[in-house]
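Let's take a stroll through this protein, a few residues at a time. Keep the 3D view open as you read.

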Amino acid sequence: MPLKSLKVLDFSTLLPGPFATMMLADMGAEVLRIEAPNRQDLTRILPPLDEQGVSYIHQTLNRSKRSLGLNLKKPDAVELVKKLVAEYDIVIEQFRPGVMQRFGLDYQTLKPINPKLIYCSITGYGQTGPYKHRGGHDINYLAIAGVASYTGTKETGPIPVGFQIADVAGGSMHAVNGILAAVIERQISGEGQYIDISMTDAAFALNAMSGAGALGSGIAPGLEQETLNGASFYNHYETNDGRHFSVGSIEPAFMQQLCQTIGREDLIKNGFDYSAESQAPLIAALKVAFKQHDFDYWQDVFVKLDACVEPTLTVVEAAEHPQMQARNMVVEVSTEDNNKIKQIASPIKFSRNQPNYTSAGCSVGHHNQEVLAEMGFSSEEIETMQVNGVLG
């Protein structure tokens, strides 16, 4: 695997950090989670749960990772981490600013131990600025970053998005990008560095098109005022059985097929005039047309066409879609008790390397004996650490 030479210490919980380290593990990195026995990762209890009461979410986010349970309030646990740091390439943490410093595990403390260390902190607002200690969640970061202001309808206002944009597209993806860039730079300089990832910064940067226009013109995009956010035909349309189809036929060839299919060739020209007066009759015609037939009917129609019209699927339906199946986007991974569960696969396809999903997420400290034995500790020493509350 491309990243098989990299070793990662993962102090993160919930979604942004674990998703980032899952990506690294999928590409071959060796990831060791440092987990506090008295600070439960909430993804462990998020439903739905399997027959053993383990969260499917946790098992996916933490696949192919090992777990070392450490009570970082114990000096001996901190010393263990410092020994590990000497042999590891990357640290990822997701605490609020200052927490790792209080543990004695901040970048400035660990850098002398391993000058090549790449240390990435993922937080809501970053390590600087007036909001650096402020709590937040995905919905807050999207709001502060301006993304939510033009995502929704005039009737509903901004809407809560069904997946975590700031957490994943913001925190996770940008963390992985930054880490791998630092790995490449380290090959030249021979030195590691610190990476400060703010999910709000990253969400703000995702305003790629609307943000560019807004900063250039000084005019902010609004709800249902842009071509791609509800002011045009580019939208989802309800069928007569309550399902939906997505319509994105913005190019001439696609618009022609769309209008011919609904029997309204007279509206082809309207597809290229984005004024409200021109779009209104096209939108109305599409609403009427899709309401005339059920979901299966329109599936049979549009699967034969190349018109940028596709069914709006559930996640379960998406997993069974022929395209996802052909791309091997669903895999079976072994759990801690040797069962198999289905998970979403890595979307990155290498020509010479295939992901090796070694296991689903495990219990806290599942690999304590294994990891500490590799570090040279005897079983008696490990037992003493267990008794003294160093391990979890």
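## Asp 89 and its partners

Asp 89 sits in the loop that runs between α3 (75-85) and β4 (90-93); helices (H or I, at least four residues) and strands (E, at least two) are DSSP runs, numbered from the N terminus. Keep in mind that this is a predicted model: local features need pLDDT of at least 70, side-chain atom pairs count only at pLDDT 80 or more, and totals for chains, interfaces and linings use all residues. Residues are numbered from 1 along each chain as its sequence is written, and side-chain values use heavy atoms, with hydrogens and water left out.

Is Asp 89 buried or exposed? Asp 89 counts as buried because its relative accessible area is 16%, and the label means under 20% (exposed is over 50%, partly exposed in between; 1.4 Å probe, protein chains only). Its side chain makes a polar contact with the side chain of Arg 186, at 3.1 Å. Such a contact is a pair of N or O atoms within 3.5 Å; within protein, one must be able to donate a hydrogen and the other to accept it, and residues adjacent in sequence count only if both atoms are side-chain atoms.

## Thr 335, another loop residue

Thr 335 lies in the loop between β12 (330-334) and β13 (340-344). Thr 335 is buried, with a relative accessible area of 7%. The side chains of Thr 335 and Asp 337 are joined by a polar contact of 2.4 Å.

## Tyr 234

Over in the loop between α9 (208-217) and β9 (235-238) you'll find Tyr 234. Tyr 234 is partly exposed, with a relative accessible area of 31%.
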